[in-house]
Amino acid sequence: MYETKYKISKENIHAEDISKFKAFVTGSDQVWNPFYINGSSLYFLTFAIKEKRISYAASFGISSIPDIYKASYKKYLSEMNYLSVREEQGAKIIKDITSRNAQVVLDPTMLLTRENWREISKASNEKPKIPYLLTYFLGNVPQDTLTRIEEIANERKLKIVNLASLKDTKYYSADPGEFIDFIDSADVFCTDSFHGVVFSILLETPFIVFERQGKLPSMNSRIETLLSKFKFSSRVAKNITSINQIYNIDYSHVDEILSSERDKSYTYLKESLK
(Lines give C-alpha, C1' and ligand atoms only; values in the text may rest on other atoms or scores of the structure.)
Protein backbone atom coordinates (compact mmCIF):
# COMPACT_ATOMS: atom_id res chain seq x y z
CA MET A 1 0.00 0.00 0.00
CA TYR A 2 1.14 3.55 -0.64
CA GLU A 3 0.01 7.13 -0.22
CA THR A 4 -1.23 8.89 -3.33
CA LYS A 5 -1.59 12.53 -4.29
CA TYR A 6 -4.51 11.61 -6.53
CA LYS A 7 -7.50 13.86 -5.83
CA ILE A 8 -11.18 13.13 -6.28
CA SER A 9 -13.87 15.76 -6.76
CA LYS A 10 -17.21 15.99 -8.54
CA GLU A 11 -15.29 17.08 -11.63
CA ASN A 12 -12.51 14.51 -11.24
CA ILE A 13 -13.86 10.98 -10.94
CA HIS A 14 -12.17 8.46 -13.26
CA ALA A 15 -13.28 4.86 -12.82
CA GLU A 16 -10.09 3.47 -14.33
CA ASP A 17 -7.99 5.25 -11.71
CA ILE A 18 -10.31 4.50 -8.80
CA SER A 19 -10.20 0.78 -9.58
CA LYS A 20 -6.46 0.71 -8.81
CA PHE A 21 -7.00 1.34 -5.09
CA LYS A 22 -7.69 -1.42 -2.60
CA ALA A 23 -9.89 0.72 -0.35
CA PHE A 24 -11.07 4.23 0.41
CA VAL A 25 -11.39 5.52 3.98
CA THR A 26 -13.45 8.56 4.95
CA GLY A 27 -12.99 10.36 8.27
CA SER A 28 -12.91 11.98 10.64
CA ASP A 29 -13.66 15.61 11.54
CA GLN A 30 -17.31 16.32 10.66
CA VAL A 31 -17.07 14.71 7.22
CA TRP A 32 -20.77 13.86 7.53
CA ASN A 33 -22.02 17.18 8.92
CA PRO A 34 -24.71 18.13 6.37
CA PHE A 35 -24.30 21.82 7.16
CA TYR A 36 -20.67 21.62 6.02
CA ILE A 37 -20.88 19.23 3.06
CA ASN A 38 -24.41 20.12 1.86
CA GLY A 39 -25.27 16.42 1.78
CA SER A 40 -22.59 15.61 -0.81
CA SER A 41 -22.26 11.90 -1.56
CA LEU A 42 -18.47 12.17 -2.08
CA TYR A 43 -17.85 12.01 1.66
CA PHE A 44 -19.63 8.65 1.71
CA LEU A 45 -17.28 7.34 -1.02
CA THR A 46 -20.07 6.65 -3.49
CA PHE A 47 -17.58 6.94 -6.37
CA ALA A 48 -16.15 3.54 -5.33
CA ILE A 49 -17.73 0.09 -5.27
CA LYS A 50 -19.40 -0.76 -1.96
CA GLU A 51 -16.73 -3.29 -0.96
CA LYS A 52 -14.09 -0.54 -0.91
CA ARG A 53 -15.98 1.96 1.28
CA ILE A 54 -14.73 2.31 4.85
CA SER A 55 -15.27 5.00 7.46
CA TYR A 56 -12.84 5.59 10.29
CA ALA A 57 -13.97 7.80 13.19
CA ALA A 58 -16.29 9.69 10.87
CA SER A 59 -18.13 12.51 12.64
CA PHE A 60 -21.53 14.08 12.07
CA GLY A 61 -20.71 16.86 14.52
CA ILE A 62 -24.42 17.28 15.32
CA SER A 63 -26.96 15.26 17.29
CA SER A 64 -29.54 14.65 14.57
CA ILE A 65 -29.82 14.74 10.79
CA PRO A 66 -32.28 17.26 9.27
CA ASP A 67 -35.24 15.59 7.59
CA ILE A 68 -34.20 16.90 4.17
CA TYR A 69 -31.07 14.71 4.26
CA LYS A 70 -32.38 11.56 5.96
CA ALA A 71 -33.29 9.63 2.81
CA SER A 72 -29.94 10.22 1.09
CA TYR A 73 -27.99 9.58 4.31
CA LYS A 74 -29.83 6.29 4.79
CA LYS A 75 -28.80 5.20 1.30
CA TYR A 76 -25.17 6.31 1.63
CA LEU A 77 -24.68 4.82 5.10
CA SER A 78 -26.36 1.55 4.18
CA GLU A 79 -23.88 1.11 1.34
CA MET A 80 -20.74 1.55 3.47
CA ASN A 81 -18.81 -1.71 3.83
CA TYR A 82 -17.38 -0.90 7.26
CA LEU A 83 -18.76 1.78 9.57
CA SER A 84 -17.07 3.48 12.50
CA VAL A 85 -17.67 6.90 14.04
CA ARG A 86 -16.08 9.20 16.56
CA GLU A 87 -18.99 9.89 18.90
CA GLU A 88 -21.75 7.85 20.55
CA GLN A 89 -24.39 10.14 19.08
CA GLY A 90 -23.04 9.35 15.62
CA ALA A 91 -23.54 5.64 16.25
CA LYS A 92 -27.08 6.39 17.40
CA ILE A 93 -27.80 8.40 14.24
CA ILE A 94 -26.66 5.48 12.09
CA LYS A 95 -28.67 2.99 14.14
CA ASP A 96 -31.80 5.13 13.90
CA ILE A 97 -31.46 5.74 10.14
CA THR A 98 -30.19 2.35 8.92
CA SER A 99 -30.57 -0.12 11.85
CA ARG A 100 -26.82 -0.82 11.47
CA ASN A 101 -24.35 -0.85 14.36
CA ALA A 102 -21.33 1.43 13.96
CA GLN A 103 -18.24 1.04 16.13
CA VAL A 104 -17.10 4.07 18.13
CA VAL A 105 -13.33 4.43 17.74
CA LEU A 106 -10.64 6.93 18.70
CA ASP A 107 -10.06 10.07 16.71
CA PRO A 108 -6.89 9.53 14.60
CA THR A 109 -4.98 12.11 16.63
CA MET A 110 -5.29 9.86 19.68
CA LEU A 111 -3.69 6.88 17.97
CA LEU A 112 -0.36 8.63 18.53
CA THR A 113 1.22 8.90 21.99
CA ARG A 114 2.08 12.13 23.75
CA GLU A 115 5.73 11.32 23.02
CA ASN A 116 4.93 11.10 19.30
CA TRP A 117 3.29 14.52 19.38
CA ARG A 118 6.05 16.11 21.44
CA GLU A 119 8.56 14.97 18.83
CA ILE A 120 6.97 17.31 16.28
CA SER A 121 6.14 20.15 18.67
CA LYS A 122 8.19 23.32 18.71
CA ALA A 123 8.15 26.54 20.68
CA SER A 124 6.88 29.65 18.90
CA ASN A 125 9.06 32.75 18.95
CA GLU A 126 5.95 34.47 20.34
CA LYS A 127 5.52 32.07 23.24
CA PRO A 128 5.46 34.02 26.54
CA LYS A 129 8.37 33.65 28.92
CA ILE A 130 5.94 33.82 31.84
CA PRO A 131 3.10 31.44 32.84
CA TYR A 132 0.04 31.85 30.64
CA LEU A 133 -3.60 30.91 30.25
CA LEU A 134 -4.28 29.61 26.74
CA THR A 135 -7.57 29.93 24.87
CA TYR A 136 -8.68 28.28 21.64
CA PHE A 137 -12.29 29.04 20.70
CA LEU A 138 -13.78 28.17 17.32
CA GLY A 139 -17.19 29.64 18.10
CA ASN A 140 -18.28 33.00 19.47
CA VAL A 141 -17.01 33.87 22.93
CA PRO A 142 -19.69 35.57 25.05
CA GLN A 143 -18.80 38.29 27.52
CA ASP A 144 -19.45 36.14 30.59
CA THR A 145 -16.89 33.62 29.32
CA LEU A 146 -14.34 36.38 28.66
CA THR A 147 -14.93 37.75 32.16
CA ARG A 148 -14.44 34.33 33.71
CA ILE A 149 -11.19 33.78 31.81
CA GLU A 150 -9.89 37.17 32.94
CA GLU A 151 -10.77 36.37 36.56
CA ILE A 152 -8.83 33.08 36.41
CA ALA A 153 -5.85 34.77 34.78
CA ASN A 154 -5.84 37.60 37.32
CA GLU A 155 -6.06 35.27 40.31
CA ARG A 156 -3.19 33.12 39.00
CA LYS A 157 -1.23 36.06 37.57
CA LEU A 158 -1.26 34.57 34.09
CA LYS A 159 -0.85 36.19 30.70
CA ILE A 160 -3.77 35.41 28.35
CA VAL A 161 -2.80 33.92 24.98
CA ASN A 162 -5.60 33.58 22.39
CA LEU A 163 -4.73 31.09 19.65
CA ALA A 164 -7.78 31.51 17.43
CA SER A 165 -8.43 35.24 17.68
CA LEU A 166 -7.68 37.52 14.75
CA LYS A 167 -7.10 40.23 17.33
CA ASP A 168 -3.96 38.32 18.36
CA THR A 169 -2.42 37.76 14.92
CA LYS A 170 1.01 36.75 16.26
CA TYR A 171 -0.61 33.71 17.90
CA TYR A 172 -3.25 33.09 15.22
CA SER A 173 -0.52 32.11 12.76
CA ALA A 174 0.85 29.32 14.99
CA ASP A 175 1.65 26.20 12.96
CA PRO A 176 0.71 22.63 14.08
CA GLY A 177 3.95 22.06 15.97
CA GLU A 178 3.56 25.37 17.79
CA PHE A 179 -0.10 24.61 18.50
CA ILE A 180 0.91 21.45 20.33
CA ASP A 181 3.63 23.21 22.31
CA PHE A 182 1.32 26.07 23.30
CA ILE A 183 -1.10 23.55 24.85
CA ASP A 184 1.68 21.46 26.39
CA SER A 185 3.22 24.49 28.10
CA ALA A 186 0.03 26.25 29.22
CA ASP A 187 -0.78 26.69 32.89
CA VAL A 188 -4.43 26.14 32.02
CA PHE A 189 -6.29 25.78 28.71
CA CYS A 190 -9.81 27.09 27.95
CA THR A 191 -11.47 25.79 24.79
CA ASP A 192 -14.66 24.85 22.93
CA SER A 193 -12.73 22.67 20.48
CA PHE A 194 -12.85 18.87 20.26
CA HIS A 195 -9.18 18.69 19.33
CA GLY A 196 -8.38 21.22 22.01
CA VAL A 197 -9.74 18.69 24.49
CA VAL A 198 -7.91 15.83 22.73
CA PHE A 199 -4.51 17.45 23.12
CA SER A 200 -5.25 18.57 26.67
CA ILE A 201 -5.83 14.92 27.57
CA LEU A 202 -2.84 13.63 25.63
CA LEU A 203 -0.49 16.27 27.03
CA GLU A 204 -2.02 16.28 30.53
CA THR A 205 -2.74 20.01 30.62
CA PRO A 206 -5.39 21.33 33.03
CA PHE A 207 -8.35 22.37 30.87
CA ILE A 208 -11.87 23.80 30.93
CA VAL A 209 -14.43 23.01 28.21
CA PHE A 210 -16.92 25.67 27.19
CA GLU A 211 -19.97 24.98 25.04
CA ARG A 212 -19.48 26.28 21.52
CA GLN A 213 -21.59 29.30 20.66
CA GLY A 214 -22.85 29.99 17.14
CA LYS A 215 -25.71 29.79 14.66
CA LEU A 216 -25.27 26.11 13.74
CA PRO A 217 -26.82 23.27 15.79
CA SER A 218 -24.85 22.13 18.83
CA MET A 219 -21.64 20.23 18.05
CA ASN A 220 -21.04 19.14 21.63
CA SER A 221 -21.93 15.45 21.21
CA ARG A 222 -18.42 14.50 20.10
CA ILE A 223 -16.85 16.34 23.06
CA GLU A 224 -19.35 14.70 25.42
CA THR A 225 -18.32 11.25 24.17
CA LEU A 226 -14.64 12.13 24.57
CA LEU A 227 -15.07 13.49 28.10
CA SER A 228 -17.18 10.52 29.16
CA LYS A 229 -14.78 7.96 27.70
CA PHE A 230 -11.83 9.45 29.57
CA LYS A 231 -13.79 10.28 32.75
CA PHE A 232 -13.44 14.04 32.44
CA SER A 233 -17.07 15.20 32.38
CA SER A 234 -16.20 17.36 35.39
CA ARG A 235 -14.08 19.57 33.09
CA VAL A 236 -17.17 21.23 31.58
CA ALA A 237 -17.16 24.91 32.57
CA LYS A 238 -20.50 24.78 34.37
CA ASN A 239 -19.14 22.04 36.66
CA ILE A 240 -16.08 24.04 37.72
CA THR A 241 -16.82 26.54 40.48
CA SER A 242 -13.39 27.21 41.99
CA ILE A 243 -9.78 27.75 40.99
CA ASN A 244 -8.78 24.65 42.97
CA GLN A 245 -11.03 22.49 40.78
CA ILE A 246 -9.25 23.71 37.66
CA TYR A 247 -5.92 22.35 38.83
CA ASN A 248 -7.23 19.34 40.74
CA ILE A 249 -7.15 17.03 37.74
CA ASP A 250 -6.00 13.41 37.79
CA TYR A 251 -4.55 11.89 34.61
CA SER A 252 -3.36 8.64 36.17
CA HIS A 253 -6.15 6.59 34.54
CA VAL A 254 -5.73 7.97 31.00
CA ASP A 255 -2.95 5.72 29.69
CA GLU A 256 -4.87 2.54 30.51
CA ILE A 257 -7.97 3.82 28.69
CA LEU A 258 -5.91 5.00 25.73
CA SER A 259 -4.20 1.62 25.44
CA SER A 260 -7.51 -0.23 25.42
CA GLU A 261 -9.18 2.15 22.97
CA ARG A 262 -6.17 2.11 20.64
CA ASP A 263 -6.30 -1.69 20.55
CA LYS A 264 -10.00 -1.56 19.59
CA SER A 265 -9.35 1.10 16.94
CA TYR A 266 -6.40 -0.71 15.36
CA THR A 267 -8.34 -3.99 15.37
CA TYR A 268 -11.17 -2.28 13.47
CA LEU A 269 -8.75 -0.80 10.92
CA LYS A 270 -6.98 -4.12 10.38
CA GLU A 271 -10.27 -5.96 9.93
CA SER A 272 -11.70 -3.40 7.51
CA LEU A 273 -8.51 -3.23 5.41
CA LYS A 274 -7.61 -6.92 5.26
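**Salt bridges and a parallel sheet in a predicted model**

Modeller: In this predicted model, Glu-261 forms a salt bridge with Lys-229, and the closest N and O atoms of the two are 3.6 Å apart. The pair links distant parts of the chain, since Glu-261 lies in helix H12 (residues 254-273) and Lys-229 in helix H10, 32 residues apart.

Colleague: Why is the contact of Glu-261 with Lys-229 called a salt bridge?

Modeller: The closest N and O atoms are 3.6 Å apart, and a salt bridge asks for a side-chain nitrogen of Lys or Arg within 4 Å of a carboxyl oxygen of Asp or Glu, so the pair of Glu-261 and Lys-229 qualifies. Glu-261 is buried, and so is Lys-229.

Colleague: What makes Arg-86 count as buried, and what is Asp-29, its salt-bridge partner, called?

Modeller: Arg-86 has a relative accessibility of 3%, and buried means under 20%, so Arg-86 is buried. Asp-29 has a relative accessible area of 40%, which falls between the 20% limit for buried and the 50% limit for exposed, and therefore Asp-29 is called partly exposed.

Colleague: How do you know that Asp-29 forms a salt bridge with Arg-86, and which parts of the chain does the pair link?

Modeller: Their closest N and O atoms are 3.1 Å apart, which is within the 4 Å cut-off, so the pair counts. Asp-29 sits in the loop between strand E1 (24-26) and helix H2 (34-37), whereas Arg-86 sits in the loop between strand E3 (84-85) and helix H4 (88-98), 57 residues apart.

Colleague: Which residues are linked with Asp-29 in a network of salt bridges?

Modeller: The network links Asp-29, Arg-86, Asp-107 and Arg-222. Arg-222 forms a salt bridge with Asp-29, with the closest N and O atoms 3.1 Å apart, and this pair joins helix H10 (residues 221-229) to the loop between E1 and H2, 193 residues apart. Arg-222 has a relative accessible area of 3%, under the 20% limit, and is therefore buried. The structure holds 17 salt bridges.

Colleague: Turning to the sheet, why do strands E6 and E8 stand at the edges?

Modeller: Four strands form an open sheet in the order E6-E5-E7-E8, with parallel pairing. Strand E6 (159-162) and strand E8 (207-209) each have a single partner strand, so one side of each is left without a neighbour in the sheet.

Colleague: What makes E5 and E7 a pair?

Modeller: Strand E5 (residues 132-136) and strand E7 (residues 188-191) share four bridges in the parallel sense, and at least two are required, so the two strands pair. Leu-134 has Phe-189 in E7 as its bridge partner.

Methods:
Residues are numbered from 1 along each chain as its sequence is written. This is a predicted model: local features need pLDDT of at least 70, side-chain atom pairs count only at pLDDT 80 or more; totals for chains, interfaces and linings use all residues. Side-chain values use heavy atoms; hydrogens and water are left out. Buried means under 20% relative accessible area, exposed over 50%, partly exposed in between (1.4 Å probe, protein chains only).
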